[in-house]
Structure formats: structure tokens, C-alpha cells
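Open your viewer, have the selection box ready, and let us walk through this model one stop at a time. Each stop tells you what to pick and what you will find there.

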Amino acid sequence: MSKRKAKDSHLPNGECINQVHQILRKRFCHQQLPDKPEGVEAQHKHLVALLRRTAVHGESNSVLIVGPRGAGKTTLLRSVLRELSEETEVQKNLLQVHLHGLLQTDDRIALKEITRQLHLENAVGDRVFGSFAENLAFLLEALKKGDRSSCPVLFVLDEFDLFAHHKNQTLLYNLFDVSQSAQAPVAVVGLTCRLDVLELLEKRVKSRFSHRQIHLLSSLTFPRYLERVRAQLSLPDDFPDGKFAWDWNAAITALCENKLAEEVLQRHFNSSTDFRSLHTLLMLCLSQVSVARPAITPAVLLDASHLCLADAKANMLHGLSILELCLIIAMKHLNDIYEGEPFNLQMVHNEFKKFLQRKSRTMYSFEQPVIMKAFEHLQQLEFIRPADGSSAKTQREFQLMRLMLDRGQILEALQKYPQCPTDIMQWAKSAFA
């Protein structure tokens, strides 16, 4: 009786909306990924067998997991490690070291991180090592048990291709060398989105790599993507107010069947199929849900989509001063006249002065230092950048630059610019005629 009562209990509307926000925000913000990526059972089985042989039998291995961003490389590895950690023998034996190419930017930092993750700071102490190889060998030696059998270590290298840019590829060379020799049982797992990653490796590094690769290609179809959206937005069965949950889930199902909503989601599906971009879109939709608007409508989804797909550079253009906007229009004129050839500040200033003399009655002439400051600000915002091969020793006024904006971005900025003078609009339109 009490169970039925709890299920049929009606909470105030505001309380229900708060509960919806709590449940869905937790789902989106904490990046709750699925336990196992879909359609990669064979790859999952292969990786489990490979890492189990290292953890249980002490067999050294190396493997690369290759696939586009959002294909599920990290999710696959996490699910494999979660499955292996449930086995007592693996749990007792296997040590893990996680390195990331964006964080460990050189081999010295990587070695310090390996030492920290293996809890060997005390063992190393103030010792001075002659080379990277000696230091790594000492670390692996320190992990040996009393019977001299060594503890298996799993090295996970995220953004593997960035480690290939380290000087002499010392870290990769030594890890692959240990994985080939009988020094210690080591498994090296690299994650990368570059298909040509083996071409980045030096010959001596490549020769020590096992050339084992696991490829992940996204096989997600649009109907399954729609089902994923519905599942992410649906409320669980144990929601306090059963009627509100039923109405909410019915509204979400109707949303996923709506033609406008389907078009919006199709556009997102075509640009990216990963969970992170989907969570960003759905989070923007959720932020519009309130007591006054208690459901996600196709119009809300469309607005959220515009925010997600907004051009960051075009948005930055809206905050420029009139002078900076004029300089960008002058650069566009120069690009058309000289067919994309680089320009310098003096050329831009001359083009701007021609405009002031010919057409403008609303603007006054600016001093050279003011124009120089505006030009430098555009460079800081990365709307322009030095042309390849231009010398840094050249005077700033004559340093060659390239415009990093396209026609559409400038047009959009002009249309949305508040109270843009008519003279400037006409000058700009003549550039895009």
C-alpha cells in the first residue's frame, strides 16, 4: 500500500522541475558514458585477452587503439579495465600508469609522473641517473617482489601521437624496448585519432612496437542516435512523482518524432556523434526548462542548436570597435584586389584613408598610433596572422599579414553590428558585390 502511495504521490510542479534539473544535470555534467561502447564486441574481447595475459601470465604487450574522436576509445579501455578489476588475480597484480600527451609534454615530466603514480618517490630519493633508460629500469626493478618476480605494469598513453613529437622519442623507445625484452611484464596501450601514427615513429621505435592496432570506427546510425537522445532526456522509473515522469517521458518521445527536432538532431549527428557534444546540446535545452516552460519543445532545441553551432570568431567580431571593423573591411578589399596576397598595416591604412576621402561623411581620420593599436588588437584576437616567411625583424607597419576570416563571418558581423553607420555598410557591400 505504501509503495503504491509513494508512486502515486503528486509533488508541486516547482519541486518536480527541480528534481528534473538535478537528475539530468548530473547525467550531462558528470559525463555518464555507457558501460560499454556499442558494436565493438570483437575489439573488447581482443583487448581483454591481451591485458589479461600481461596481468596473469606476465606477458609483455603493446597495442594502439585508433579511431576518430568520440568513437569510444577511452570508453572501451575503461570497460575492459573495469571487467579485469573484478578478477582477484588481476586486482592484486596489475599496476596502472596513465599519461596524457597534452599534460606530459616532455619525457622529464612523464618520468616524474610515472614515479608518482607508482608511489616510488621515496625509492628514487636524491639518486642521479645517467639516462632515461637507467631511471626507468630502476623504477621497474623497485617494483619486484621478494621472489624477484616483477609486478606487471600497464602504461596508458592518451593522445599517443603527441608523445611521438618528444625529443628523440625516448619515452616511447624505452617503453617499447622493455615490452619486448624480458626485464619486466609491461603492457603499453596507446590511444590516438591519427591513422598515420606509425609514420611518426622513428625506425628504432617502430621496430620495437608489436604493430598491433585495434581500429574503432563509429557505426552509429541516425535512428540509434535518436534513441540515445530519448534515453538521455528520459526520467527514471523511481522518479518521486509518477504522473509527472510519465508526462515528461511522453513529451520527450513526441519531441524525438517531431520533424523540426529531427532536422536539428540530424545536423548535429552529421557534425559529431560523440556523447560530449550531445550532452552540451541537451544541457542548453535543459537550462530553458522552468515552471513557466515545463517541457523541451522543438523551438527550444533549435535555439540551443544555434548556440552550439555558433561561429566563435563571428561572435567576437560583434565586440569590435568601428575602427577595427573598418580595418577588416579594408583588408577584405585588399584581398579581392590582390587575389589573396598578404598585406601590411601601411596598405590597410591607405585603403582606409581612400574610403574616408571618397565616401565617409560620418567618420573622422584617426592618428597612426591609434590605427597601429587597433591593428595589434586584431592580431591578438587572431583575426590576422603573420604570413609564412615574413621576417620578425621587419618594421611592424610593413610586416606581411593574412586575414583569417571568411566572407560569411564578416557579413554576419556587419548585419548584427548595433547601429553600424550607413557609409560603412555601403563600403562593406561594395567589397562583397
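Start by selecting helix H6 (residues 107–117) together with helix H8 (residues 132–142): their axes come within 11 Å and cross at roughly 10°. Axes here are lines fitted to C-alpha atoms, for helices over the stretch in contact, with angles running from 0 to 180 degrees between N-to-C directions. H6 and H8 are therefore roughly parallel to each other (angles under 35 degrees count as roughly parallel, over 145 as roughly antiparallel, 65 to 115 as roughly perpendicular and the rest as oblique). Helices (H or I, at least four residues) and strands (E, at least two) are DSSP runs, numbered from the N terminus.

Now show side chains at this contact, where contact means heavy atoms within 4.5 Å. From H6 you will see Asp107, Leu111, Ile114 and Thr115, and from H8 Phe132, Asn135 and Leu139. By class, these residues are four nonpolar, two polar and one charged. For the classes, Ala, Val, Leu, Ile, Met, Phe, Trp, Tyr, Cys and Pro count as nonpolar, Asp, Glu, Lys and Arg as charged, and the others, Gly among them, as polar.

A word on what you are looking at: this is a predicted model, in which local features need pLDDT of at least 70 and side-chain atom pairs count only at pLDDT 80 or more, while totals for chains, interfaces and linings use all residues. Residues are numbered from 1 along each chain as its sequence is written, and side-chain values use heavy atoms, with hydrogens and water left out.

Zoom out to the whole protein chain. It has 22 helices and seven strands. Of its 433 residues, 44% count as buried (buried means under 20% relative accessible area, exposed over 50%, partly exposed in between, with a 1.4 Å probe and protein chains only). Among contacts between residues at least 6 apart in sequence, 74% join residues at least 24 apart.

Next, select leucine 94, in the loop between helix H5 (88–93) and strand E2 (95–100). Is leucine 94 buried or exposed? At 14% relative accessibility, leucine 94 counts as buried. Leaving aside neighbours within four places in sequence, leucine 94 is in contact with Ala55, Pro152, Val153 and Leu154. Add valine 186 to the selection: its C-alpha atom is separated from that of leucine 94 by 9.6 Å, although the two are 92 residues apart along the chain.

Move along to alanine 254, in helix H13 (residues 242–257). Alanine 254 is partly exposed, with a relative accessible area of 45%. Draw a distance from its C-alpha atom to that of threonine 297, 43 residues away along the chain, and the separation is 9.4 Å.

Now pick helix H18 (residues 322–337) and helix H20 (residues 368–380), whose axes come within 10 Å and cross at roughly 75°. That makes H18 roughly perpendicular to H20. H18 brings Leu323, Glu324, Leu327, Ile328 and Met331 to the contact, and H20 brings Val370, Ile371, Ala374, Phe375, His377 and Leu378. Sorted by class, the contact residues are nine nonpolar, one polar and one charged.

Keep Met331 highlighted and add Phe352: these two have the most contacts inside the largest nonpolar core, which has 36 residues. A nonpolar core is a set of buried Ala, Val, Leu, Ile, Met, Phe, Trp, Tyr and Cys residues joined through side-chain atoms within 4.5 Å. H18, helix H19 (345–358), H20, strand E7 (401–403), H21 and helix H22 (422–431) each supply at least two residues of this core. Which helix gives the most to this core? It is H18, with nine residues. Apart from this core lies another, of 34 residues, among them Leu235, Phe244, Trp248 and Val264.

Two loops come next. Select glutamate 339, between H18 and H19: its phi is near 50°, a positive value in a residue other than glycine. Glutamate 339 is exposed, with a relative accessible area of 72%. Then go to glutamate 382, in the loop between H20 and strand E6 (384–386). Its phi, near 65°, is also positive in a residue other than glycine, and at 54% relative accessibility glutamate 382 counts as exposed. For context, most residues other than glycine have a negative phi.

End the tour at glutamine 415, in helix H21 (residues 407–416). Glutamine 415 is exposed, with a relative accessible area of 62%. Its partner for a last distance is histidine 318: the two are 97 residues apart in sequence and 9.6 Å apart in space, C-alpha to C-alpha.
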